[in-house]
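Biologist: I would like a close look at a single part of this model, the sheet, and I am happy to have the cut-offs spelled out. Please take me along it partner by partner, and then show me what surrounds it.

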Amino acid sequence: MADDKDVVVEFLKSKSASKSKFYFKDFLELFPDKGPRDVKKILTKLINEEVLEFWSSGSTSMYGLKGAGKQSHAEGED
């Protein structure tokens, strides 16, 4: 699972110049051989380790690196 976590973090870092939050389906594409439940477990582990953060508008759920993006600065989470 450590390698899977590295894949997620590297993906997010490589896209950080253009986007800070990603949909769950974006992570499914990183692991075509894994089911949605397995990918969700990887993301949940990273959230519990405070590497990622979960963001929801109520109708949309997204994931991103903790502290990245405009939303965290606007809410005083620095």
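Modeller: With pleasure! Helices (H or I, at least four residues) and strands (E, at least two) are DSSP runs, numbered from the N terminus, and two strands pair if DSSP finds at least two bridges between them. This is a predicted model, so local features need pLDDT of at least 70 and side-chain atom pairs count only at pLDDT 80 or more, while totals for chains, interfaces and linings use all residues. Residues are numbered from 1 along each chain as its sequence is written, and side-chain values use heavy atoms, with hydrogens and water left out.

Let me place the sheet in the chain. The protein has four helices and three strands, and read from the N terminus the elements follow the pattern α-β-α-α-β-β-α. The three strands make an open sheet with antiparallel pairing in the order β1-β3-β2. β1 (22-23) and β2 (52-56) are at its edges; each has a single partner strand, so one side of each lacks a neighbour in the sheet.

Now for the partners, beginning at β1. Its antiparallel pairing with β3 runs over two bridges, and across this border Y23 faces M62 of β3. On the other border, β2 and β3 are joined, again in the antiparallel sense, over five bridges. Following β2 along the chain, L52 is opposite L65 of β3, E53 has G64 as its bridge partner, and F54 is opposite Y63. As residue numbers rise in β2 from L52 to F54, those of the partners in β3 fall, from L65 to Y63.

The ends of β2 deserve a look at the backbone angles too. β2 and β3 form a hairpin with four residues between the strands, and in this hairpin G58 takes a positive phi near 110°. E50, in the loop between α3 (36-48) and β2, also has a positive phi, about 60°, although E50 is not a glycine. Most residues other than glycine have a negative phi, and most peptide bonds are trans. E50 is exposed, at 57% relative accessible area; exposed means over 50% and buried under 20%, with partly exposed in between (1.4 Å probe, protein chains only).

By that count, 28% of the 78 residues of the protein are buried. β3 is another matter: four of its five residues are buried, so the strand is largely enclosed by the rest of the structure. Y63, which belongs to β3, is one buried residue, with a relative accessible area of 3%. I47 lies 16 residues from Y63 along the chain, and the C-alpha atoms of the two are 8.9 Å apart.

Finally, the rings around Y63. Rings of Phe, Tyr and Trp (its six-membered ring) pair if their centres lie within 6.5 Å; planes under 30 degrees apart count as stacked, over 60 as edge-to-face and the rest as tilted. The whole structure holds five aromatic pairs. In one of them, F27 and Y63 meet edge-to-face, with 5.9 Å from centre to centre and 85° between the planes. This pair links distant parts of the chain, as F27 is in helix α2 (residues 24-28) and Y63 in strand β3 (residues 61-65), 36 residues apart. F27 is counted as buried because its relative accessibility is 0%. Ring pairs tie F27 and Y63 into a cluster together with F11, F22 and F54. The cluster therefore brings us back to the sheet: β1 (22-23) and β2 (52-56), the edge strands, contribute F22 and F54 to the cluster, and F54 is also the residue opposite Y63 in β3.
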